[in-house]
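Subject: Structure handover

Hello,

Here is the structure for you to take over. My notes on it follow below.

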Amino acid sequence: MIEQVAIAFDHKDYQTAAKLLKQLQKESPENPWVQYYLGRLHEVSEKRQEAEKIYRQLLRDTTNSKIVSLARQGLQRLQEMQLEERQRAISQAIAQPNNTEFGVLILEPLSTEMKTEASRKFAQIMQLDPYTARLILPSRGWRLYRTGPIGELKFYGEQLQQAGIPCFWATIAEIQQIQVYQVKYFQESTPQATIVCCNEANQLGSLTFDWSEVTAKVVGLLPIFEQVVDVDARRKLEWKTQIQDYAQFCDLHLLGRRCILRLDDNGYEFQQGLEIIPQDSQNTIRIHWNSLSSWIDQQLPQVKIWSDFTSFADTTLDQTEMLGHIKSHIHLFRREETNWDSAFHLYSGLVLVK
């Protein structure tokens, strides 16, 4: 009867094949040929998960080399169909208006308990092996996973979200549209806060806001690089670029106004405006900055503080082309360009647009 099933498949007479297989399943359900043709029937009926399950089981349990080869071919066909459908869906997604804009796909952290199941689903969606998938999924902080047309990123992002893998996506244009004000000092704090600041054209002015408008506080350290003389293994002098210090940054987000108030320890004028720093405190920038940070925290007890910039930067700094499109709005003295500045603005901007 198996020969009759084979002939029915050759003639694409799937109705006859289904009838014959129904009878064979009762008579010899363990027969690997019966299982193989059942897998084929699922495949042509678009029940791909059931077909894949049977093909994989045959690869595991069968020693018949002919069936093993046919099961492998079946899995290959399923993979090709899935890939073809995916490419078609991505092409359709990108064809939508504005979906060709360049963007980023960010993976959010998962607990260790959730990682095993999530990595299996992630591997399936992104066509990866489970070990690589597990390494990619973050346990702490955000990971920049992919860049490209926003339509494609949204397509993958929606599949990941449906599988319970937290992620989000945004366009670089959204980040660029955020207004940034460089805070020189606080002039008033009650009943509303007033800052003296510079806009993007470096024009000095003031801005007044309610503390309740602040939706997030983003903090981060940006390395300061210097050229130093070092001694190499042959005891010869050589110039090296090393991190000599870190600049402290703090962004306050006014989501309703789509703007960022940016403070940094080099640009804040501690001797101006409100007396936030105690008169008798030691005259160091670090102490002044810590006092200012504590004072801001007192004004914003309920606001979430985002402080995982360094771990995010580790996944982002090699994306030179993408970061090159982002204006950093950071005015540190740099002898050479560095991706750190754009990476911080991207991180802060993503917190705002998310």
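By class, the lining of the largest pocket consists of 8 nonpolar, 6 polar and 7 charged residues. This is a predicted model, and the pocket in it has a volume of about 910 Å³. There are 21 lining residues, and those closest to the pocket centre are Glu 52, Gln 82, Gln 124, Ile 125 and Gln 127. Two or more lining residues come from each of helix H4 (48-61), helix H5 (65-95), H6 and helix H8 (150-162). H5 contributes the most, with 7 residues.

Two of these helices, H6 and H8, have further entries in my notes.

Helix H6 covers residues 112-126. What span should its 15 residues have, and what do the end C-alpha atoms give? At 1.5 Å a residue the expected value is 21 Å, and the end C-alpha atoms are 20 Å apart, so the two agree. H6 does have a kink of about 35°, centred on Ala 118. Ala 118 is also one of the buried residues of the helix, together with Lys 115, Ser 119, Phe 122, Ala 123, Ile 125 and Met 126. Ile 125 thus appears twice in these notes: as a buried residue of H6 and among the residues closest to the centre of the largest pocket. Directly after H6 comes Gln 127, with a positive phi near 55°. Gln 127 is likewise among the residues closest to the pocket centre.

Helix H8 has 13 residues and reaches 18 Å from its first C-alpha to its last, close to the 18 Å expected at 1.5 Å a residue. Its buried residues are Ile 150, Gly 151, Glu 152, Leu 153, Phe 155, Tyr 156, Gly 157 and Leu 160. Just after H8, Gly 164 has a positive phi of about 85°.

Enclosed space is a separate item. The count is 1 cavity of 30 Å³ or more, and the largest cavity holds about 30 Å³ of space. Which residues line the largest cavity? They are Lys 217, Ile 296, Asp 297, Leu 300, Val 303 and Ile 305. By class, that lining has 4 nonpolar residues, no polar ones and 2 charged ones.

Next, the backbone points you may want to look at.

- Thr 190 and Pro 191 are joined by a cis peptide bond, with omega at about -5°. Pro 191 sits in the loop between strand S4 (179-188) and strand S5 (193-198).
- Asn 202 is not a glycine, yet its phi is positive, near 65°. Its place is the loop between S5 and strand S6 (204-209). Is Asn 202 buried or exposed? Its relative accessibility is 60%, and the cut-off for exposed is over 50%, so Asn 202 counts as exposed.
- His 329 also has a positive phi, about 60°, without being a glycine. It lies in the loop between helix H12 (320-323) and helix H13 (339-353). Its relative accessible area is 8%, which is under the 20% limit, so His 329 is buried.

Three further residues have notes on their surroundings.

Thr 316 is in the loop between helix H11 (309-314) and H12. With a relative accessible area of 0%, Thr 316 is buried. Its side chain reaches the backbone oxygen of Phe 312 at 2.7 Å.

Ser 342 belongs to helix H13. It has a relative accessible area of 10% and is therefore buried. Ser 342 and Lys 327 are 15 residues apart along the chain, and their C-alpha atoms are separated by 6.4 Å.

Asp 230 is part of strand S7 (residues 214-231). Is Asp 230 buried, exposed or partly exposed? Its relative accessible area of 25% falls between the limits of 20% and 50%, so Asp 230 is partly exposed. Its C-alpha lies 6.7 Å from that of Lys 240, and the two residues are 10 apart in sequence.

That is the end of my notes.

Regards

Definitions and conventions:
Residues are numbered from 1 along each chain as its sequence is written. This is a predicted model: local features need pLDDT of at least 70, side-chain atom pairs count only at pLDDT 80 or more; totals for chains, interfaces and linings use all residues. Side-chain values use heavy atoms; hydrogens and water are left out. Helices (H or I, at least four residues) and strands (E, at least two) are DSSP runs, numbered from the N terminus. Buried means under 20% relative accessible area, exposed over 50%, partly exposed in between (1.4 Å probe, protein chains only). On a 1 Å grid over the protein atoms alone, a cavity is a set of points where a 1.4 Å probe fits but cannot get out, and a pocket is an open set with protein on both sides within 12 Å along at least five of seven lines; lining residues have an atom within 4 Å of a point. Grid points are joined across faces, edges and corners, and a volume is the space filled by probe spheres set on the points. Ala, Val, Leu, Ile, Met, Phe, Trp, Tyr, Cys and Pro count as nonpolar, Asp, Glu, Lys and Arg as charged, and the others, Gly among them, as polar. The expected span of a helix is 1.5 Å times one less than its number of residues. The bend at a residue is the angle between axes fitted to the seven residues ending there and the seven starting there. A polar contact is a pair of N or O atoms within 3.5 Å; within protein, one must be able to donate a hydrogen and the other to accept it, and residues adjacent in sequence count only if both atoms are side-chain atoms.
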